[in-house]
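Please walk through this model with the sequence and the structure side by side, taking the strands, then the helices, then the charged pairs.

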Amino acid sequence: MGLEDLGQVMAGLQTYRDENLLVGYEQSDDCGVYALSDELALVESVDFITPIVDDPYLYGQIAASNALSDIYAMGAIPKTALNLLMWDKEHVSKEVLEEILKGGAHKLNEAKVTLLGGHSVIDREQKYGLSVSGIVHPKHIWRNCTAQIGDALVLSKPIGSGVIATAFKSDKLALRADHEAIVSMCQLNQKASEIARNFKIHACTDITGFGLVGHLLEMCGERLGAEILTERIPLFEGVEKWIMQGVIPSGSRENFHFLNEKIQTSLEFDACIACFDSQTSGGLLFALPKSQAHMLVEQLKICGYERSVVIGEMIPRGDKPITLL
């Protein structure tokens, strides 16, 4: 669902809370967090997606990496998972279904996360994902809305996977397992999260369906702004070319139309639409002191996030929360 529709649907929802709830859904955090003791909290999230590529094994890997990402974005460690499988029985064979689940299991094994079971239903459209539970110390939770003025913003992965996936689906681009975007979507955010725990992370989120601008807006909250140097933002191979040819997913266009009024920029549509591109299994966006940012980038690069970069900083709130330079 888009930001506007989701906001309207959730607006009147009233739910039970108790004193052990540490993080709910009010600030659009990546996970909910519930205290089990003074030193241990339960972190929970759920995510499932329709096929983003035609290869079932790759699709399973991407869906699992995408679901695990929310836990890593909270500074937490995923421990258990439940499969969520919606089977398009009319068009998807059992053999293909098996490959999807094998792909998901591959990533769970890599992350050392225990699969407890799951739930499956017959559906008109194929979907797969996971409900994931993790743990974190209550005093070491990363939230998405606790950045500070002057913080540098570090992005661990390129953006543009929505554009690339659309090019795959429209047969404009041949699917290759070694394509930069495919490799990135399969890559866990596990090591990035582990590395960042050695730094003073003030806020963190992962870049997924609402795009870089949408998730950055959540990071700004009601009191902060952000200034982004778009020329620094890493894009996947071919993204600019496909954008110029009009290969832009509908979700990215919806993000732009809903969020465009919240940004200050002189850039034309084609030059900034990638910042609104709806991502799957995107990178982590960290807010931390400037003095530590470049060291974080260097350590991320060493551990496999080769295109990590400082893309901007948090600033005092202006007339519009986000400035794209």
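In this predicted model, Val23 has Val33 of strand E2 as its bridge partner. The contact belongs to the pairing of strand E1 with E2 (residues 32-35), which run antiparallel and are joined by 2 bridges. Strand E2 also pairs with strand E3 (residues 41-49), again in the antiparallel sense, over 4 bridges, and here Tyr34 stands opposite Leu42 of E3. Following the chain through this region, one finds that E2 and E3 make a hairpin in which 5 residues lie between the two strands. Strand E3 is in turn joined by 9 bridges to strand E6 (residues 127-136), the two running antiparallel, with Phe48 standing opposite Gly129 of E6.

These pairings are parts of an open sheet of 6 strands, whose order is E1-E2-E3-E6-E4-E5 and whose pairing is mixed. Strands E1 (21-23) and E5 (114-122) stand at the edges and have a single partner strand each, so one side of each is left without a neighbour in the sheet. Between neighbouring strands of this sheet the turn is 20 degrees on average, direction ignored. As background, strands of a sheet pair through backbone hydrogen bonds, in either the parallel or the antiparallel sense.

A further open sheet is built of 7 strands in the order E8-E11-E7-E12-E9-E13-E10, and its pairing is mixed. Its edge strands are E8 (203-206) and E10 (263-265), each of which pairs on one side only, while the twist from one strand to the next averages 20 degrees. Within this sheet, strand E12 (residues 309-316) pairs with strand E9 (residues 224-228) in the antiparallel sense over 5 bridges, and with strand E7 (residues 152-155), also in the antiparallel sense, over 4 bridges. Which residue of E12 is the bridge partner of Glu227? The partner is Glu313, and Ala152 likewise stands opposite Glu313. Elsewhere in E12, Gly312 has Ile228 standing opposite.

Turning from strands to helices, helix H9 (residues 250-259) has Ser252, Asn255, Phe256 and Leu259 as buried residues. Seen down the axis of H9, these buried residues fall within an arc of 95 degrees, so they line one face of the helix. The face of H9 turned away from the buried side carries Ser250 and His257, which are exposed. The general background is that an α-helix has 3.6 residues a turn, so residues three or four places apart point the same way.

Helix H1 (residues 3-10) brings the surface into view, since Val9 has its place there and is exposed, with a relative accessible area of 57%. Val9 belongs to a nonpolar patch on the surface that also takes in Leu6, Met10, Leu13 and Tyr25, the five residues having about 410 Å² of accessible area together.

The charged side chains remain to be considered. Side chains of opposite charge can pair when their charged atoms come close, and a search of the whole structure finds 7 salt bridges. One of them joins Arg307 to Glu180, with the closest N and O atoms 2.7 Å apart. This pair links distant parts of the chain, as Arg307 lies in the loop between helix H11 (290-302) and E12, whereas Glu180 lies in helix H5 (residues 180-186), 127 residues apart. Arg307 counts as partly exposed at 33% relative accessibility, and Glu180 is partly exposed as well, with a relative accessible area of 25%. Salt bridges that share partners also join Glu98, Glu99 and Lys102 into one network.

Within that network, the side chains of Lys102 and Glu98 meet in a salt bridge of 3.5 Å, N to O. Both residues lie in helix H3 (residues 94-111), 4 residues apart, which is about one turn of the helix. Lys102 counts as partly exposed at 42% relative accessibility, and Glu98 counts as partly exposed at 43%.

A further salt bridge is formed by Lys127 with Asp123, where the closest N and O atoms are 2.7 Å apart. Is Lys127 buried or exposed? At 16% relative accessibility Lys127 counts as buried, because the cut-off for that class is under 20%. Its partner Asp123, with a relative accessible area of 25%, is partly exposed.

How values were computed. Residues numbered from 1 in each chain as written. Predicted model: local features only at pLDDT ≥ 70, side-chain atom pairs only at ≥ 80, totals over all residues. Heavy atoms only, no water. Patch = residues over 30% accessible without salt bridge, like charges linked within 9 Å, V, L, I, M, F, W, Y side chains within 5 Å. Areas by Shrake-Rupley, 256 points an atom, 1.4 Å probe, with all protein chains shown as cover. Salt bridge = Lys/Arg side-chain N within 4 Å of Asp/Glu carboxyl O. Buried < 20%, exposed > 50% of the residue type's maximum accessible area, 1.4 Å probe, protein only. Arc of directions from axis to C-beta. Pairing = 2+ DSSP bridges. Axes fitted to C-alpha atoms, helices over the stretch in contact; angles between N-to-C directions.
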